[in-house]
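Student: I should like to request a close look at a single part of this model, with its surroundings described in one connected account. Please treat the arrangement of strands and the helices associated with them.

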Amino acid sequence: MKSGEKPDPDKPMRSGFTTGACATAVAKGATQLLLTGITPAQSVVSLPAGFDHSFELIEQELTDGVATCATIKDAGDDPDATHLAKIIAHVSWRDEPGIDLDGGIGVGRVTKPGLPVPVGEAAINPVPRRMITEAVTQVLAEHGTARGVRVVISVPEGEEIAKKTLNSRLGILGGISILGTRGVVVPFSTSAYRASVVQAISVAQASGCDHIVLTTGGSSEKYAMKMMPELPEEAFIQMGDFVGFAIKHGKRLGMKRISLVGMPGKFAKVAQGVMMVHSKSAPVDFGFLASVARETGAGDELAQAIEEANTATQVADMMTEAGYLPYFEKLCTYACQHCLEHAGGGITVEVVLVTMKGMELGRAEISELEDSNWSKES
């Protein structure tokens, strides 16, 4: 699928392959080239997803004892920043037995604790590390050699690609991460994003944070950072649509306070109890929004107009123009309570509603101690 092109809803989405799977393929191919001197056209990799896949190899070269192979990452129909990135492996002999795996140009270095890779090492995650090591070991064993090799994975455009990711926030500097737990990229998958949310919370925890700020995207995060300048960068986490998931993992990883900053379009759903706020997950309940408007003083005519509205943002505009600002505080209160209930208590939840331009509309905070008071209101 071309950049910016919308997927055809009637056409099956095409799966792709992770950077970890691609790195394994080129490492295996380069090892074969080093051992045999024969240029491999393809590299077959056994993926954790349970099947084998043949990767096309390009730019194979054996020069001065260093074998090089590359492949172009195909992310399928997934909107992946690393789609069409060139992944390269350089493999050479080493004096010691075993496999020395490292990252080269365009593969980031870990500089903050809390990630599954130790500080100072190349950002090659555990599953890709295992895949690469096992594939290279297999080739060495097939050719009966006990010699060790050095494997260096590079991504020439990795540093530029990384600017489109949250790597710098996580303390991964100088390039992208080599990722993947199954080897396969499922189009518009939720698993990869959920994993990145957990990773970001882990970094916040390792940085000493017990207060995180969850936002649905870059704009709301920018506004949140201006609101809470006292918090470190690691405390701000883009949860996307996964409100309930992020809150539960925030509590699991020891957060005492969780703030959510977002806009009415998404957070109106949270106020009605929806914890996954993707546009297809659940519709906005305009009857609920009308009832909240009535609670804060809106008359029947305005409430009826709300019930007939098209979007939650339109409702927010109507209430702002009518001057019913307590409406937004009430929405925030309902959202807080649903978040707290979803987490099972034990934390303080704050919700802040902002406009698309960053103006604060309403704010509320609930801790477990206030649970019973809210129940009476509801």
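In what order do the five strands of the open sheet that includes β14 and β18 stand, and what is the sense of the pairing?

Tutor: In this predicted model, the order of the five strands in that open sheet is β15-β14-β16-β17-β18, and the pairing is mixed. The edges are taken by β15 (236-238) and β18 (360-367); each of these has a single partner strand, so one side of each is left without a neighbour in the sheet. From one strand to the next, the twist averages 20 degrees.

The mixed character can be followed pair by pair. Strand β14 (residues 211-215) and strand β16 (residues 257-262) run parallel and are joined by five bridges. Within this pair, V213 of β14 stands opposite S259 in β16. By contrast, β17 and β18 pair in the antiparallel sense, over seven bridges. Here V352 has R363 in β18 as its bridge partner. β17 and β18 form a hairpin with five residues between the strands, and G358 in this hairpin takes a positive phi near 90 degrees. As a general matter, strands of a sheet pair through backbone hydrogen bonds, either parallel or antiparallel.

Two helices are to be considered together with this sheet. Helix α6 (residues 218-227) lies across β14, β15, β16, β17 (348-354) and β18, and runs at about 165 degrees to β15. Helix α7 (residues 243-252) also packs on the sheet, where it touches β14 and β16; the direction of α7 makes about 155 degrees with that of β16. The buried residues of α7 are V243, G244, A246, I247, H249 and G250. Just after α7, G254 takes a positive phi of about 95 degrees.

Besides touching the sheet, α7 meets another helix, α12 (residues 326-343): the two axes come within 9 Å and cross at roughly 55 degrees. α7 and α12 are therefore oblique to each other, and their crossing is right-handed. From α7, the residues V243, G244, F245, I247, K248 and K251 take part, and they meet C339, H342 and A343 in α12. Divided by class, this contact has five nonpolar, two polar and two charged residues. V243, G244 and I247 are among the buried residues of α7, and they are also among the residues that meet α12.

A second helix pair can be set beside this one. Helix α9 (residues 286-295) and helix α11 (residues 312-322) have axes that come within 11 Å and cross at roughly 15 degrees. That angle makes α9 roughly parallel to α11, and the crossing of these two helices is right-handed. F286, L289 and A293 of α9 make the contact with A312, V315 and M319 of α11. The residues of this contact divide into six nonpolar, no polar and no charged.

Helix α10 (residues 300-307) contributes a residue that ties in with this pair, namely I306. At 0% relative accessibility, I306 counts as buried. Leaving aside residues up to four places away in sequence, I306 touches F286, L289, A290, A293, V315, M318 and M319. Among these, F286, L289 and A293 also belong to the α9 side of the helix contact, and V315 and M319 to the α11 side. The C-alpha atom of I306 is separated by 56 Å from that of E56, and these residues are 250 apart along the chain.

E56 leads to another part of the chain, as strand β3 spans residues 52-56 and pairs with β2 in the antiparallel sense over five bridges. In that pairing, S43 stands opposite F55 in β3. β2 and β3 form a hairpin with five residues between them, and G50 in the turn has a positive phi of about 110 degrees. Strand β2 (residues 42-46) has S43 and V45 on a covered face, and Q42, V44 and S46 on an uncovered one.

For comparison, another open sheet is formed by five strands in the order β4-β5-β6-β10-β7, and its pairing is mixed. β4 (58-63) and β7 (99-103) stand at its edges with a single partner strand each, so one side of each is left without a neighbour in the sheet. The twist in this sheet averages 15 degrees from one strand to the next. β4 pairs with strand β5 (residues 66-72) in the antiparallel sense over four bridges, and I58 has A70 in β5 as its bridge partner. Helix α1 (residues 19-36) packs on this sheet and touches β4, β5, β6 (86-94) and β10 (148-154), its direction making about 40 degrees with that of β6.

Technical notes: Residues numbered from 1 in each chain as written. Predicted model: local features only at pLDDT ≥ 70, side-chain atom pairs only at ≥ 80, totals over all residues. Heavy atoms only, no water. Buried < 20%, exposed > 50% of the residue type's maximum accessible area, 1.4 Å probe, protein only. Pairing = 2+ DSSP bridges. Axes fitted to C-alpha atoms, helices over the stretch in contact; angles between N-to-C directions. Parallel < 35°, antiparallel > 145°, perpendicular 65-115°, else oblique. Left-handed = near helix turned anticlockwise from the far one by under 90°. Contact = heavy atoms within 4.5 Å. Nonpolar A, V, L, I, M, F, W, Y, C, P; charged D, E, K, R; others polar.
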